[in-house]
Amino acid sequence: MLQWLQALVDGVLVGGVYAIVSSGLSLVFGIMGVVNFAHAEFLMVGMFVAWFAWAYLGIDPLLGSLIALVVVFLFGAGIQRTLIRPILKAPQVAQIFLTVGLLFCLENGALLLFGANYRSVSTPYQTESLRLGGIIVSLPYLLAFLMSGLSGGLLWAFLRFSRTGRAMRATALDPMAAKLVGIDTDRMHQIAFGLGVGLTAFGGAVILPYLTVYPAVGAQYVVLMFTVVVLGGLGSVAGAAVGGIAVGVIQAFSALVFPVQLQNLVLFLVFIAVLALRPQGLLKGASA
Amino acid sequence: MTEAVASPRAAALRPGRAVLIAAVLAVALAVPLGLDPQGYPIRVLTLTLLFAAMGQAWNIVGGLANQISLGHAGFFGIGAYASTILLRDFGLSPWLGMLAGMALAALAAAALAVPTFRLKGHYFALVTLAFGEVMRVIANSWSSVTGGPVGLSVPFAPDSLWMFQFGAARPYYYICLGALVAVTLVFWRIKAGALGYRLRAIKENADAAEVIGVDTFRAKLQAGLISATLTAGLGTVYAQFSYFFDPDTIFGVATISVRMALIAIVGGVGLTFGPIVGAFFIIPVEEFANAALAGRAAGLSAFVYGAVLIAVILLKPEGLLALFAALGKRWRERRR
Amino acid sequence: MSAILSVRNLTRRFGGLTAVNNVSFDLSRGEVLGLIGPNGAGKTTLFNLLVGIHKPTAGSIRLDGREIAGLAPNRVARAGMTKTFQNVALFQESTVLDNVLTGGLLHEDVAGARARAAAILDRVGLAGIAHKLAGDLSFPERARVEVARALCTRPAILLLDEVMAALTPVEMEAFLALVRTLRADGLTLIVVEHHMHAIMTLCDRILVLNFGGLIAEGTPREVAHHPAVIEAYLGKAYAEGGADA
Ligand SMILES: Nc1ncnc2c1ncn2[C@@H]1O[C@H](COP(=O)(O)OP(=O)(O)OP(=O)(O)O)[C@@H](O)[C@H]1O
Ligand SMILES: [Mg+2]
């Protein structure tokens, strides 16, 4: 019993991070209709930015996450301008394979620049944990969860209340109408893409205290992110939050039942099942 | 008047083109005679023919049915594992193992198609991506049967057509050439036949296709089954040719699934000769890049690979054949 | 006369909107039935229900005595009913011949379908553009190709959704003549059209739809003088002259 409770806690903590890294993917799809197969690579980029900020400037990754957000936002906005914008109206084959090409370039670009080494940080709270009854709450997991929750709340408030956020949602709903009322949809796309990949990079930075970074780390997250997003409904940012927690808990529970190698299998099967049964997501109707 | 209208468009080849195809085929048959049967060039050519056939098999789904699969490695690996395991455990001829693999792949494709046939575009790509990954995870973890992450080796046998094993590359070259011709013929027959018309109709307007009587589920299922079956057969050929494979290579997204699609896209999606042109561009370039660069900078060749993909899509999304056609036209106009 | 199609209590809701509301009618073999109503009345939705593009929320559709409500469109086509699309849904990157030929594949192989398609193109006066791409055609040409493609499926009932919308008066007369010959060959038709002239001269009987429900039914003459119809169309009558393009 305690074992399951512990798994539930672990699952929710990890799921919170999944939620924030996947919400960027959902945002990009919701606002520009592009499924970014390269999205998980920006998590890797964010981890590297935070690692370098820690290694050379001594900045804790939890703070470095803000640097990662800003740097990757600018990087993403540039990529949107040069690579994504030209294919917004292209056939889906072109959209899919452009982002697949981007995935290869980012992963192998990192390999070329940084080598295949695994890098990690050391922080004072790395091995700390809290005990609540019989449950152990690891401090770095808890901090990553809190940072994710905070940024998720800010994203929600931004989309809901700020001028830009509202203009972005209008663009998502009806680009033609948005143009008519004077919204610069092109700029909205650029901000959305930058913000989307920036949030994912942010998520990568906050998990750095308990994980290691290497160029191929993104590959671990590709199907995971899509599972989260599809569970919550492609394009729904609020859905990504629910989907993230759900995936975290599914993973933690399946770890109790199945051998380690099969953990991802459970995830993939959930993913295929959800796509087959409810491609519009489990929360249809409750939009972002 | 009716006569002129009824003249079949795709049913017969133009004479000029038939001559060209015959000539290319003759050259393809003659080339190995001038090459060292054990050498590196013939191995690269063999691999190119095999990948051209794979791109062609993908083209049936991706090009004709417009279903963008990112999981064909799943079928490819099923073919490789099925024949190799049957050979290892029962001494079964890989030709028979190939049939078993093809049947298994057809089952897998049907199982995948039934719940997902409504999915289009991105969703279809995502499901197939996950399917390939599921196969990879299974092959990695079911060690007692698949050998696990270490991979499988084809048990050694003396040269024999029946056991599909040869010391030299030359017989494999001819087998791959035969496979390419066979898959291309299948593709061409589908494209010019009723299924081709149905698939084009679905691709261009699925609602309208249904309303005039096209069973969209059935047409997509047919295309998917044929494509998966052929891909599995080629997986067996690959296993016999390379003697050794592991789950991450044979079920790989980058190594197989995306490469199959890329070959079709670079040459020209949906065109009969697209994957052939694509393979003869991509595979030699890759081999060259690997030989020249891999030792010095890990990741460079894969980086270049991604860059080529991006460049093709941004500059000439219709593929190389369209580029050649445009260049040829300009050249003819210049001469006039 | 025997009813080839009988529709009972057909209803379709989209969320809170009832696009087709409790519609019942019979269609006799060989009849030409007009379906009119203001924009948004539910005419296209009714067609989509009949051919199976939308599933009914409630109600029954019997074709030759057989229940077809809820069948996939390809099954309905096989049973003998098909339609043209108001917003024109041709296979843009295929030739006119190939568009029409695809309809013929319902009952024939490629060679048979090609011969049938060629004959139909001759008949509707499109033989000259058989090898043009559908995407390159003018609007009136497209509408004709829509009709030819639907005819190639050898339907017993053909539903025409505003195929005459962009025709000049001369073109329209030619089109009306074509429809009459189809009818003479035994085809049963339901025609949606905003052109009152076309509807009045072509149809044996007219149904009037407003806000998803049938508000009147009768001969062209009866319907034209029906108070509910005049009310539904008031305002529209003024616009009739110029706003129809
Ligand atoms: N797929 C759909 N989802 C939601 N609402 C729909 C859908 N299709 C139609 N509607 C709504 O149903 C109502 C009827 O539309 P329909 O197209 O059937 O009208 P119509 O009589 O054909 O009009 P028109 O003369 O303009 O062609 C409209 O309010 C329309 O917005
Ligand atoms: Mg309409």
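This passage describes a predicted model, with attention to the ligand site and the strands of chain C and to one residue of chain A.

The magnesium ion, ligand 2, is coordinated by two residues of chain C. The donor atoms are OG1 of C:T44 and OE1 of C:Q86, at 1.9 to 2.1 Å from the ion. These two residues link distant parts of the chain, being 42 residues apart. C:T44 belongs to helix α1 of chain C, which spans residues 43–51, whereas C:Q86 lies in the loop between β6 (81–83) and α3 (96–104) of chain C. C:T44 has a relative accessible area of 26%, and C:Q86 has a relative accessibility of 32%. Both values fall between the limits of 20% for buried and 50% for exposed residues, so C:T44 and C:Q86 are classed as partly exposed.

The two magnesium-coordinating residues also appear in the surroundings of ligand 1. This ligand is surrounded by 14 residues, of which the closest are C:G40, C:K43, C:T44, C:T45 and C:Q86. By class, the shell consists of 7 polar, 5 nonpolar and 2 charged residues. Helix α1 of chain C provides the largest share of this shell, with 3 residues. Strand β2 (17–28) and helix α1 of chain C each contribute at least two residues.

Several contacts with oxygen atoms of ligand 1 can be described individually. The side chain of C:T44 places an N or O atom 2.7 Å from an oxygen atom of the ligand. For C:K43, a polar side-chain atom lies 2.8 Å from an oxygen atom of ligand 1. In the case of C:A41, the backbone is involved: one of its N or O atoms is 3.1 Å from an oxygen atom of the ligand. On its own, ligand 1 has 640 Å² of accessible area, and the protein covers 63% of it.

A second set of results concerns parallel strands in chain C. Strands of a sheet pair through backbone hydrogen bonds, in either the parallel or the antiparallel sense. Strand β3 of chain C (residues 32–36) pairs in the parallel sense with strand β8 (residues 188–192) over 4 bridges, and C:V32 stands opposite C:L189 in β8(C). Strand β3(C) also pairs in the parallel sense with strand β9 of chain C (residues 205–210), again over 4 bridges. In that pairing, C:G34 stands opposite C:I206.

Strand β8(C) has a further parallel partner in strand β7 of chain C (residues 157–161), with 5 bridges between them. Here C:L158 has C:L189 as its bridge partner, while C:I157 is matched with C:T188. Strand β7(C) in turn runs parallel to β6(C), to which it is joined by 3 bridges. C:K83 stands opposite C:L159 in this arrangement.

Burial was then examined strand by strand. In β3(C), 5 of the 5 residues are buried, so this strand is largely enclosed by the rest of the structure. Its two faces are both covered, with C:V32, C:G34 and C:I36 buried on one side and C:L33 and C:L35 buried on the other. Strand β8(C) is likewise largely enclosed by the rest of the structure, because 5 of its 5 residues are buried. From β8(C), C:T188, C:I190 and C:V192 point one way, and C:L189 and C:V191 point the other way. Strand β7(C) also has 5 of its 5 residues buried and is therefore largely enclosed by the rest of the structure. One face of β7(C) carries C:I157, C:L159 and C:D161, and the other carries C:L158 and C:L160, all of them buried.

Chain C also contains an open sheet of 4 strands with antiparallel pairing, in the order β2-β1-β4-β5. The edge strands of this sheet are β2 and β5 (66–67), each of which pairs on one side only. Strand β4 of chain C (residues 58–63) is joined to β5(C) by 2 bridges in the antiparallel sense, and C:L63 stands opposite C:R66. Strand β2(C), at the edge of the sheet, is also an element that supplies at least two residues to the shell around ligand 1.

Finally, one residue of chain A was considered. A:F145 is located in helix α5 of chain A (residues 139–161). Its relative accessibility of 24% places A:F145 in the partly exposed class. A:F145 and A:M44 are 101 residues apart along the chain, and their C-alpha atoms are separated by 18 Å.

Conventions: Residues are numbered from 1 along each chain as its sequence is written. Chains are lettered from A and ligands numbered from 1 in the order in which they are written. This is a predicted model: local features need pLDDT of at least 70, side-chain atom pairs count only at pLDDT 80 or more; totals for chains, interfaces and linings use all residues. Side-chain values use heavy atoms; hydrogens and water are left out. Donors are N, O and S atoms within 2.8 Å of the metal (3.2 Å for Na, K and Ca); water is not among the atoms, so sites may look incomplete. Buried means under 20% relative accessible area, exposed over 50%, partly exposed in between (1.4 Å probe, protein chains only). A residue is near a molecule or strand if one of its heavy atoms lies within 4 Å of it. A polar contact is a pair of N or O atoms within 3.5 Å; within protein, one must be able to donate a hydrogen and the other to accept it, and residues adjacent in sequence count only if both atoms are side-chain atoms. Accessible areas come from the Shrake-Rupley method with a 1.4 Å probe; for residues, only the protein chains shown count as cover. Ala, Val, Leu, Ile, Met, Phe, Trp, Tyr, Cys and Pro count as nonpolar, Asp, Glu, Lys and Arg as charged, and the others, Gly among them, as polar. Two strands pair if DSSP finds at least two bridges between them.
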